[in-house]
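Please open the model in your viewer and keep the sequence panel beside it. The tour below goes from one selection to the next and says what is to be found at each stop.

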Amino acid sequence: MLRHQLESDLHVSDMISELLEMIGGLQGERYFFVEDGPLKDKLIERYLDTTDAHADIHEFSLDASLRIRREEGTAAPSVEGRLEAGDFQYQTHFSMEDFSADEISALIEQLKPLCPTRKHEARPSRNIIRKKKGGGLLNLSEASKALGLSPRTLKSLIPCSDIRVREDGDNRTIEEYYWEMSLVRRFVGLWEKHKASHEADREDVTLIAERCCDGDRQWARDIIAGFLKQRTFSDH
């Protein structure tokens, strides 16, 4: 039992180190919504631990978001969580040590599109934000409408093809996200195949892996599955 606990603690410690490495060059702050899952559950559990919590919180249609801020000279980022529903609003703060392994893993997945400078020695970097010249791009609003996804779901699910960045001294702010039209058309085609009870073929997986997953075919399969799940959910 003690050995298992020690191994678990070391695993969480390694994941925290990976997370801190990912955002080591982060300047300013990053803000994003989170869907149902470990991070949203974490926020709800923290709220229910407060003395003025409403037990019927699960009946609300809650928006959950996280804001990560790293101030220069500080050792660790500040993580602010927020729940909102109509006039209801709850805000709290977390340290890295507050998160479990599943929650850290979910946080890393959320940060992948927002921390393009992340590097990892063990495998090629998944730098999914790329600067490319040329046309054939759809912005966040256009791509989300074409794919039938909310803008925040699109940003968290399908890596973008290009960005517009505003630089202010040492601070860099992403002003707009773009997706290749051919990539969007591929996902639209996948949805049509899905409705006709056909699965993604080798060409679908290969193209998506090359366009937004640094060639990682398993990552591409995960994105395709996530997209089809979200489209199915939004259509019901």
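**A tour from one helix outward**

Begin with Ser197, which sits just after α6 and takes a positive phi of about 65°. Bear in mind throughout that this is a predicted model.

From there, step back and select α6 itself, residues 181–195, a helix of 15 residues that reaches 21 Å from its first C-alpha to its last, close to the 21 Å expected at 1.5 Å a residue. Within α6, show the side chains of Leu183, Val184, Phe187, Leu190 and Trp191, which are buried. They lie on the same side of α6, because they cover an arc of only 115° around the axis.

Next, keep Phe187 displayed and add Ile158, Trp179, Ile208 and Phe227: of the 29 residues in the largest nonpolar core, these five touch the most other members. To see where this core is drawn from, colour α4 (140–147), α5 (151–157), β7 (171–180), α6, α7 (202–212) and α8 (217–234), each of which supplies at least two of its residues. Among these elements, α8 gives the most to the core, with 6 residues. Then select Ile57, Leu66, Leu83 and Leu107, which are among the 25 residues of another core that lies apart from the one just visited. As background, nonpolar side chains in soluble globular proteins tend to be buried together.

The next stop concerns aromatic rings, where a pair is described by the distance of the centres and the angle of the planes. With centres required to lie within 6.5 Å, the count comes to 4 aromatic pairs. One of them is formed by Phe94 and Phe99, a tilted pair at 5.2 Å centre to centre with 45° between the planes, and both Phe94 and Phe99 are buried. For another, select Tyr177 and Trp179, whose ring centres are 6.4 Å apart and whose planes stand at 35°, so the pair is tilted. Both Tyr177 and Trp179 are buried as well.

Finally, clear the selections and look at the whole protein, which has 8 helices and 7 strands. How much of the protein do buried residues make up? They account for 40% of its 236 residues. If you draw the contacts with a separation of 6 or more, 61% of them come from residues 24 or more positions apart. With the surface switched on, the accessible area of the protein comes to about 13800 Å², of which 48% belongs to carbon and sulfur atoms.

Conventions
Residues numbered from 1 in each chain as written. Predicted model: local features only at pLDDT ≥ 70, side-chain atom pairs only at ≥ 80, totals over all residues. Heavy atoms only, no water. Helix = DSSP H or I, 4+ residues; strand = E, 2+ residues; numbered from the N terminus. Expected span 1.5 Å × (residues − 1). Buried < 20%, exposed > 50% of the residue type's maximum accessible area, 1.4 Å probe, protein only. Arc of directions from axis to C-beta. Phe/Tyr/Trp six-rings, centres within 6.5 Å; stacked < 30°, edge-to-face > 60°. Core = buried A, V, L, I, M, F, W, Y, C linked by side-chain atoms within 4.5 Å. Contact = heavy atoms within 4.5 Å. Areas by Shrake-Rupley, 256 points an atom, 1.4 Å probe, with all protein chains shown as cover.
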